[in-house]
Amino acid sequence: MNGLRLYGKYVGMHVRSAMQYKASLVLSTIGQFLVSFSVFLGIYFMYQRFPAVEGFTYEETLLCFGIMLMEFSIAEMVVRGFDQFSSMVRQAEFDRVLVRPRSQVLQVLGSKFELTRLGRILQGGVMFVYALVQADVSWDAWKVLTVIFMLVGGVALFSGLFLIYAALCFFTLEGLEFMNVFTDGGREFGRYPVGIYGKRILQFCTFIVPYALVQYYPALYLIGREEGIHYVFLPLLACLFLLPAYGLWRLGVRHYQSAGS
């Protein structure tokens, strides 16, 4: 509870700071909305030419993209400190983190809170709700839980990827750009149902970096293509991705050597 209270204070400070420049906050949020809106237009125009992609309709594709965009954007808003961790290592700011009597993860987590990502979250939410309505989803309590678990699992998955990105900085000092293939690339990759990319990619996205657990499989359950209560809980398995990510972080902390000031 003390950790949550402290994190709440961190978030409160960042929000108050952002609110000091309201015009900048509003314009940046609108900019984030428009960036993802351009991707939506690409999907829209493609479906003007083709009625379906690997059997998935326009609404079903929007459902997959909307939930993936929300998952990524919430994670990016909350764990932005790990995304920018390389500068903390280079400037030896992590030295101060180590000597404070608080969790290093909590301190890095609270070092940055990207409020402008609300624009992307709103964009993803609008697409997701529209797709659910147009796809005529037959709602029950299990499907409501499925949506909640998709968000929880997706945020955990992308948070784990950002944590891995930060952990690698202990060994390289600079952030490794190839990790963007899994973070920003994962968001772009999720514009379409993961299953359309082929069997090998689907296996990779199920057992290695489990995008499919928070997008493809539960989406099939939502639109009625698959039955089975296990689809409701599949997204929660993606939370296990945090374990190896945290293990790599702990390894990095043990091998950390100050870069100086």
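In this predicted model, the side chains of Glu188 and Arg187 meet in a salt bridge, with 3.0 Å from N to O. Arg187 also forms a salt bridge with Asp184, here at 3.6 Å between N and O. The arginine therefore takes part in two pairings, one with Glu188 and one with Asp184. Arg187 and Asp184 both belong to helix 10, which covers residues 184-189, and three residues, about one turn of the helix, separate them.

The surroundings of these three residues can be described by their accessibility. Arg187 has a relative accessible area of 12% and counts as buried because that value is under 20%. Asp184, at 27%, is partly exposed. Glu188 likewise has a relative accessibility of 27% and counts as partly exposed. A buried arginine is thus paired with a partly exposed aspartate and a partly exposed glutamate.

Elsewhere, salt bridges with shared partners join Glu76, Arg80, Asp83, Glu114, Arg117 and Arg120 into one network. One of its links is the salt bridge between Arg80 and Glu76, whose closest N and O atoms are 3.2 Å apart. Both Arg80 and Glu76 are buried. For the structure as a whole, the count of salt bridges comes to nine.

Two arginines of this network, Arg117 and Arg120, also appear in the surroundings of Ser73. This serine lies in helix 3, which spans residues 58-78. Ser73 is buried, with a relative accessible area of 0%. When neighbours within four places in sequence are left aside, Ser73 is in contact with Arg117, Arg120 and Ile121. The contacts of this buried serine thus include two arginines that belong to the salt-bridge network.

The cysteines present another side of the structure. A search of the whole structure finds zero disulfides. Cys205 is in no disulfide, and the nearest cysteine sulfur, which belongs to Cys64, is 12 Å away. Because a disulfide requires two cysteine sulfur atoms within 2.5 Å, this 12 Å separation leaves Cys205 without a disulfide partner. Cys205 is buried, at 2% relative accessibility. Cys169 is buried as well, with a relative accessible area of 0%.

Technical notes:
Residues are numbered from 1 along each chain as its sequence is written. This is a predicted model: local features need pLDDT of at least 70, side-chain atom pairs count only at pLDDT 80 or more; totals for chains, interfaces and linings use all residues. Side-chain values use heavy atoms; hydrogens and water are left out. A salt bridge is a side-chain nitrogen of Lys or Arg within 4 Å of a carboxyl oxygen of Asp or Glu. Buried means under 20% relative accessible area, exposed over 50%, partly exposed in between (1.4 Å probe, protein chains only). Helices (H or I, at least four residues) and strands (E, at least two) are DSSP runs, numbered from the N terminus. Contact means heavy atoms within 4.5 Å.
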